[in-house]
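Grab a viewer and work through these exercises with the model open beside you. Each one sets a task and then walks through a solution.

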Amino acid sequence: MSLAEASEARKARLLALRKRKAGEDVADAPLLKGRNFDPVSRTLRKRNQGDDVEMEDTVEKNVEGMAEGIIAEDEQRRAQELDVFNIAPKRPNWDLKREMEKKLAKLERRTQESIHTLIRQRLSAQKGEADDIMGAMNAQERQNASEALSDEED
């Protein structure tokens with residue numbers, strides 16, 4: 001396009017613009033808007049769906065179908081029967097055991113002390129044969145043996 005042709009085309013456009021502003025009907029000049037006007041060819045651009053560039057990685061595409069999947073999964077879970085074993089704890093008294101451990105430790109120590117004192121008392125009370133433990137154990141064995149013999153004689 002030469003300069004003379006470009007000048008003539010510009011004059012024609014300006015004349016059509018003046019006529020349109022004055023209210024005269026201009027049928028030969030197309031209505032030009034910025035979004036559908038091609039400045040290189042000075043013509044209206046037709047919108048082609050194929051020319052649009054689609055973005056490959058969008059949030060909409062990433063989330064597409066996710067809501068339906070979640071709803072379907074929720075419906076499956078609701079359809080299943082309620083498993084009572086999953087609700088109840090595996091050991092129902094675990095909290096009671098936890099609270100009682102400290103008290104039981106004290107009682108265990110006192111119980112062992114009491115058992116030792118009772119053994120000592122029995123050993124010292126038995127016929128007064130010996131003060132040491134081995135002698136007391138031997139005396140206990142003899143007493144058990146004599147009781148066993150007396151039971152057999154009856």
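## Exercise 1: a pair in a helix

Aspartate 74 and arginine 78 sit 4 residues apart in helix H3, which means about one helical turn separates them. Keep in mind that this is a predicted model.

**Task.** Work out how the side chains of aspartate 74 and arginine 78 meet, and whether each residue is buried or exposed.

**Solution.**
- Step 1: check the distance. The N to O distance between the two side chains is 3.4 Å, and the cut-off for a salt bridge is 4 Å, so aspartate 74 and arginine 78 form one.
- Step 2: recall the chemistry. Oppositely charged side chains can pair when their charged atoms come close.
- Step 3: look at the cover. Aspartate 74 has a relative accessible area of 31%, so it counts as partly exposed. Arginine 78 comes in at 62%, which makes it exposed.
- Step 4: zoom out to the helix. H3 covers residues 66-79, and the number of buried residues among its 14 is 0, so the helix lies largely in the open.

## Exercise 2: the other helices

**Task.** Compare the spans of H1, H3 and H5 with their expected values, then find where H5 has a kink.

**Solution.**
- Step 1: start with H1. Its 20 residues (3-22) reach 29 Å between the first and last C-alpha, close to the expected 28 Å. After H1 comes glycine 23, with a positive phi near 95°.
- Step 2: do H3. Its 14 residues reach 20 Å, close to the expected 20 Å.
- Step 3: move to H5, residues 94-125. Its 32 residues reach 44 Å, close to the 46 Å expected at 1.5 Å a residue.
- Step 4: find the bend. H5 has a kink of about 45°, centred on glutamate 101.

## Exercise 3: counting salt bridges

**Task.** How many salt bridges does the model have, and what can you say about those involving arginine 98 and arginine 109?

**Solution.**
- Step 1: take the total. The count comes to 4 salt bridges, including the aspartate 74 and arginine 78 pair from above.
- Step 2: look at arginine 98. Its side chain meets that of glutamate 99 at 3.8 Å, N to O. With 46% relative accessibility, arginine 98 is partly exposed.
- Step 3: look at arginine 109. Its partner is glutamate 113, at 4.0 Å, N to O. Both residues belong to H5 and are 4 residues apart, about one turn of the helix. Glutamate 113 is partly exposed, at 44%.

## Exercise 4: a nonpolar patch

**Task.** Which residues form the nonpolar patch on the surface, and which helices supply them?

**Solution.**
- Step 1: list the members. They are Val59, Val63, Met66 and Ile70, together giving about 380 Å² of accessible area.
- Step 2: assign them. H2 (59-63) and H3 each supply at least two residues of the patch.
- Step 3: check one member. Valine 59 belongs to H2 and, at 59% relative accessibility, is exposed.

## Exercise 5: the whole chain

**Task.** Describe the chain's layout, its buried share and its contacts.

**Solution.**
- Step 1: read the elements. There are 6 helices and 2 strands, arranged along the sequence as α-β-β-α-α-α-α-α.
- Step 2: get the cover. Of the 154 residues, 6% are buried. The chain exposes about 15000 Å², with carbon and sulfur atoms supplying 54% of that.
- Step 3: check the contacts. Taking those between residues at least 6 apart in sequence, 3% join residues at least 24 apart.

Methods. Residues are numbered from 1 along each chain as its sequence is written. This is a predicted model: local features need pLDDT of at least 70, side-chain atom pairs count only at pLDDT 80 or more; totals for chains, interfaces and linings use all residues. Side-chain values use heavy atoms; hydrogens and water are left out. The expected span of a helix is 1.5 Å times one less than its number of residues. Buried means under 20% relative accessible area, exposed over 50%, partly exposed in between (1.4 Å probe, protein chains only). The bend at a residue is the angle between axes fitted to the seven residues ending there and the seven starting there. Contact means heavy atoms within 4.5 Å. Accessible areas come from the Shrake-Rupley method with a 1.4 Å probe; for residues, only the protein chains shown count as cover. Patches are made of residues with over 30% relative accessible area and no salt bridge: like charges are joined within 9 Å, nonpolar side chains (Val, Leu, Ile, Met, Phe, Trp, Tyr) within 5 Å.
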